[in-house]
Amino acid sequence: MRRLHAIMCVVAVCLTAALSTPTFGALGDNLVANWTFDNTLNDATPNMNHGVHTTTNASTEDYTAGVFGSAVLLDGETEHVQVNNESAFDFGGIGNGMTMSTWFRVDAFDTQSQALVAKGEGNEFRIARNSNSNAMAFAGGGSDISGGSVNDGMFHHLVVRHDGASFRDMWIDGVQVTQNLSGSAIADNNQPLMIGENPDAQNREWEGAIDDMAFWSRPISEAEIQAIWNGGAGATVQSLLAFEPPPAPDPAKVTWNFSGNDLQGWTVLNGFENFESNGVNAGTSTNGFAHDGRHDVFLLESPLFHFNG
């Protein structure tokens, strides 16, 4: 074993005044819950809006092959998934609107207005079968808007949005199938969120599979809808969140915080005339340094890297 000392390391740091944001770069903003249904009813977000299997026959929940991994399978008779942290889904009080996105399959439409997911009736929201048809409907802040034809035993991607005021729309398989500009704000209630049932009009259980359901307390963008649809191949919400960039730095002044004497021994190799005039000394600083607004690239060199080999 030998130790190599004084290895010179040159680091190039690039700063740019104009940074582009991926179309799904803010998908995590206002994300309230995301149930992957990969053999779990737990919420995949830090909000811990976990689901509880609710049934009349004491059975455990069932899963089936989904679009991604597994999907929860509901029998349309005796069971649903309940989320008891109901206030997290009171989007009227939040006031910024809402989005629901999910992948689903109809195994049977045998009950009027079978509920895919709902918080209640009236101006609360419900996403369900449109009456006795093969279409889907979204009610929330107004009467139903409906569209599509989904009773074919295939998985479909569904998005519904409300802007918090009057605009509502529905997307199925990457296509906007209906919109309405004359709605009102969503009302709030004390009912739990039910996946596969309607708390205000029960015995409308969903019969089929549900995969990767998510709620936001804002209307997501059309670009974000298309990122999830992904040309029909689909992309999970969690997979898109994993590639989100960090927040864009302020191009006028970018501060890098090197704590714990990490700057000790580093030398500025090019330009950066006001490095010390900003009150930062490369040999002793523990508080970082500030971009001078003139150099797009600067180089730092350190002799302090040690390698064992």
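Student: What makes strand 6 (residues 79-83) and strand 15 (residues 193-195) count as a pair?

Tutor: Two strands pair if there are at least two bridges between them. In this predicted model, strand 6 and strand 15 pair over 3 bridges, in the antiparallel sense, so the cut-off of at least two is met. You can look up a spot where they face each other: Val81 stands opposite Ile195 in strand 15.

Student: How do you know that strand 4 (residues 62-65) and strand 5 (residues 70-75) pair?

Tutor: Run the check again. Strand 4 and strand 5 have 4 bridges between them, and at least two are needed, so they pair, in the antiparallel sense. Tyr63 has Val72 in strand 5 as its bridge partner. The two strands form a hairpin with 4 residues between them, and Gly69 in the turn has a positive phi of about 65 degrees.

Student: Back to strand 6 and strand 15. Which sheet order are they part of?

Tutor: An open sheet of 7 strands, in the order 3-6-15-8-9-10-11, with antiparallel pairing.

Student: Why are strand 3 (52-55) and strand 11 (145-147) said to stand at the edges?

Tutor: Each has a single partner strand, so one side of each is left without a neighbour in the sheet. On average, neighbouring strands of this sheet are turned by 25 degrees against each other, direction ignored.

Student: Why is Arg218 called buried?

Tutor: Buried means under 20% relative accessible area. Arg218 has 13%, so Arg218 is buried. You'll find Arg218 in the loop between strand 16 (207-216) and helix 2 (222-229).

Student: What does Arg218 touch, leaving out residues up to four places away in sequence?

Tutor: Ala26, Leu27, Asp29, Asn30, Asn96, Gly97, Met98, Thr99 and Glu224.

Student: What makes the approach of Arg218 to Ala26 a polar contact?

Tutor: The cut-off is a pair of N or O atoms within 3.5 Å. The backbone oxygen of Ala26 lies 2.9 Å from a polar atom of the Arg218 side chain, so the distance passes.

Student: Which residues of helix 2 are buried, and what covers them?

Tutor: Glu224, Ile225, Ala227, Ile228 and Trp229 are buried. The cover includes strand 7 (98-106), strand 12 (155-162), strand 13 (168-172), strand 16 and helix 3 (237-241). Right after helix 2 comes Asn230, with a positive phi near 55 degrees.

Student: Where is the pLDDT below 50?

Tutor: The protein averages 79, and 70% of the residues score at least 70. Residues 1-25 are below 50, and so is the stretch 251-309.

Note on methods. Residues numbered from 1 in each chain as written. Predicted model: local features only at pLDDT ≥ 70, side-chain atom pairs only at ≥ 80, totals over all residues. Heavy atoms only, no water. Axes fitted to C-alpha atoms, helices over the stretch in contact; angles between N-to-C directions. pLDDT = per-residue confidence, 0-100. Contact = heavy atoms within 4.5 Å. Buried < 20%, exposed > 50% of the residue type's maximum accessible area, 1.4 Å probe, protein only. Polar contact = N/O pair within 3.5 Å; in protein donor to acceptor, adjacent residues only side chain to side chain.
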